[in-house]
Amino acid sequence: MRHSQTLGALAAILAHAPLASAQAPAPAAGGNEPRAAIGAAPLDSGPQPIQGKWGTNFYGFVEFDAIHDSTQAGLTTINDSQGNGALARPGTYAGSNGQTLFGARNSRIGFKLDAPASDGLHASAVLEMDFLGNQPTSTASQAALIGNPTFRIRHMALKLENPIADVLLGQYWQLFGWQSAFHPNTVEIQGVPGQVYSRAPQARLSKTIKTDPIDVDLAIAAARPVSRNSQVPDGQAGLKLTLNRWQGLHTAGSTGTAVDGLAVGVSGVARHFILPGFYGTGHSRTNGWGLSIDALLPIIPATLAKRANALTVTGSFVTGTGISDLYTGLTGGVGFPAPANPGMMTPPPTYAADIDNGLVTFDENGKIHTIDWQSYIVGIQYYLPPAGKVWLSANYSAMKSNNAASYTNAAGLSKIFDKSYWLDANVFCDVTAAVRLGAEYAYFHQTYADGVAAKNTRLQFSGFYLF
């Protein structure tokens, strides 16, 4: 009897409880009204959840990668992303043997926070993290590197919008290259060779002038100094034009599929270097700069509802000096020479640099020089009929330095590469709205300053759960 009474009471409660919904309630009317909390509707009775005024969007993806390289690519034994790391030279153990990697470190989670408007100001924030953080490769086992990755910040920034201008504060894409508006479509973990791909803490001021046919974006930013001892923040500025009536499908990276308008962007960076004097006295100063020209061209327009036959081209051209850190893992093998030792001192003198390798170096007279780089990358993506849920993409990049090998001796030429190119071909398939599969063939080629060519081929299969 007691069991039947209990079940009857439970049925009565459930009959009056609201159904949980996966959709967030619509925001209340009026910019200053509190917004309903995102998530399932609370019960009418019992403990009540805290009701917030901020809208919250949880997003990201789970990624699985299976990668095989024909050489032990890069400077580390385990390397999810080859980037612009130096390839193993032929004839060495690493250059004659391959490697296979299974990983999930590129999986990503993020939150977008949206506060109610107040006094004409709209505040929002993004918190985005992945598992590609730095780990102590000298002490960690291979199992720990792959199975226990380090959680790290990708984006952590706030944005304040008003009718006059927008302010962004925090770590976000560098303004240089108008990232990530022009990124290519590839299965490979970005940044790929020759691709400007970087984020930094910054303070940015921007303005979007919207019209029916065209949007004009103007922005300036002060970003993290190239070295904290340089004292002066990087200065960046950019102009971007977007045609609103000529739109096409664009997948940036592996997961970010959206409809974007035809766009052209120009951006620049200026930076200052201060280093200790090469011979232990005083200091050395110099400047660096970079220019990036980027384009997104929808050849055959499309929409998200009608993706079939969409054809889009992306491209970027970059030139500058002292900008290697704006790429992924690029040093070219350039380091700092040892000071001359005519007195045969023991131990011999060394130079203690307070900056990352690859940006600047010294000649034999102790004069500082920035390292030049020039690169371009072009990509194409085509969405197959009938539904556009299967598509193909291909990319090609090339880069060179005119002076990377100019400040070393003959013995050092075998450690510096000053030319490289990379190409890949990809096929993607959206199995469901949440599950995406991709496969890639990639070829890497670098030419060392002594004329030796290093090569690597990569086969990669990846699966993504998008949320």
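In the predicted model, leucine 297 has valine 313 of strand 12 as its bridge partner. This bridge belongs to the antiparallel pairing of strand 11 (residues 283-300) with strand 12, which extends over 11 bridges. Strand 12 also pairs with strand 15 (residues 372-383), again in the antiparallel sense and over 11 bridges, and in this second pairing threonine 312 stands opposite glutamine 381 of strand 15. Strand 12 is mostly covered, with 9 of its 11 residues buried.

Confidence in the prediction can be summarised for the chain, for which the mean pLDDT is 87, with 87% of the residues at 70 or more. Residues 1-43, however, have a pLDDT below 50, and for this stretch the model contains 40 contacts beyond near neighbours in sequence.

Aromatic side chains form 19 pairs in the structure. In one of them, the ring centres of phenylalanine 131 and phenylalanine 151 lie 4.9 Å apart while the planes are inclined at 35°, an angle between the limits of 30 and 60 degrees, so the arrangement is classed as tilted. Phenylalanine 131 is located in the loop between strand 4 (122-130) and helix 3 (142-147), whereas phenylalanine 151 is located in the loop between helix 3 and strand 5 (152-161), and the pair therefore ties together parts that are 20 residues apart in sequence. Both members are partly exposed, phenylalanine 131 having a relative accessibility of 26% and phenylalanine 151 one of 44%.

A further tilted pair is made by phenylalanine 336 and phenylalanine 362, whose ring centres are 6.1 Å apart and whose planes are at 45°. This pair links distant parts of the chain, since phenylalanine 336 lies in the loop between strand 12 (311-321) and strand 13 (360-362) and phenylalanine 362 lies in strand 13 itself, 26 residues apart. Phenylalanine 362 has a relative accessible area of 0% and is accordingly buried. Both phenylalanines also belong to a cluster in which ring pairs link Phe278, Tyr279, Phe336, Tyr351 and Phe362.

Aromatic rings are also met by charged side chains. Arginine 89 is placed over the face of tyrosine 448, at 4.9 Å from the ring centre, and the charged end of lysine 112 is placed over the ring of tyrosine 59, at 5.3 Å from its centre.

The loop between strand 6 (166-173) and strand 7 (199-210) contains glutamine 179, which, with a relative accessible area of 8%, falls under the limit of 20% and is therefore counted as buried. A polar atom of the glutamine 179 side chain lies 3.0 Å from the backbone oxygen of phenylalanine 176. When neighbours within four places in sequence are set aside, glutamine 179 is in contact with Trp173, Gln174, Val196, Tyr197 and Ser198. Glycine 191 lies in the loop between strand 6 and strand 7 as well, and the peptide bond that leads to glycine 191 from glutamine 190 is cis, with omega near 5°.

A cis peptide bond is likewise present between proline 385 and proline 386, where omega is about 10°. Proline 386 is situated in the loop between strand 15 and strand 16 (390-400).

Positive phi values outside glycine were considered next. Aspartate 119, which is not a glycine, has a positive phi of about 55° and is found in the loop between strand 3 (108-114) and strand 4. The relative accessibility of aspartate 119 is 74%, over the limit of 50%, so this residue counts as exposed. Glutamine 231 is a residue other than glycine with a positive phi, in this case near 75°, and is placed in the loop between strand 8 (214-223) and strand 9 (234-252). With a relative accessible area of 61%, glutamine 231 is exposed, whereas glutamine 179, at 8%, is buried.

Methods. Residues numbered from 1 in each chain as written. Predicted model: local features only at pLDDT ≥ 70, side-chain atom pairs only at ≥ 80, totals over all residues. Heavy atoms only, no water. Phe/Tyr/Trp six-rings, centres within 6.5 Å; stacked < 30°, edge-to-face > 60°. Helix = DSSP H or I, 4+ residues; strand = E, 2+ residues; numbered from the N terminus. Buried < 20%, exposed > 50% of the residue type's maximum accessible area, 1.4 Å probe, protein only. Lys NZ or Arg CZ within 6 Å of the ring centre and 35° of its normal. Pairing = 2+ DSSP bridges. pLDDT = per-residue confidence, 0-100. Contact = heavy atoms within 4.5 Å. Polar contact = N/O pair within 3.5 Å; in protein donor to acceptor, adjacent residues only side chain to side chain.
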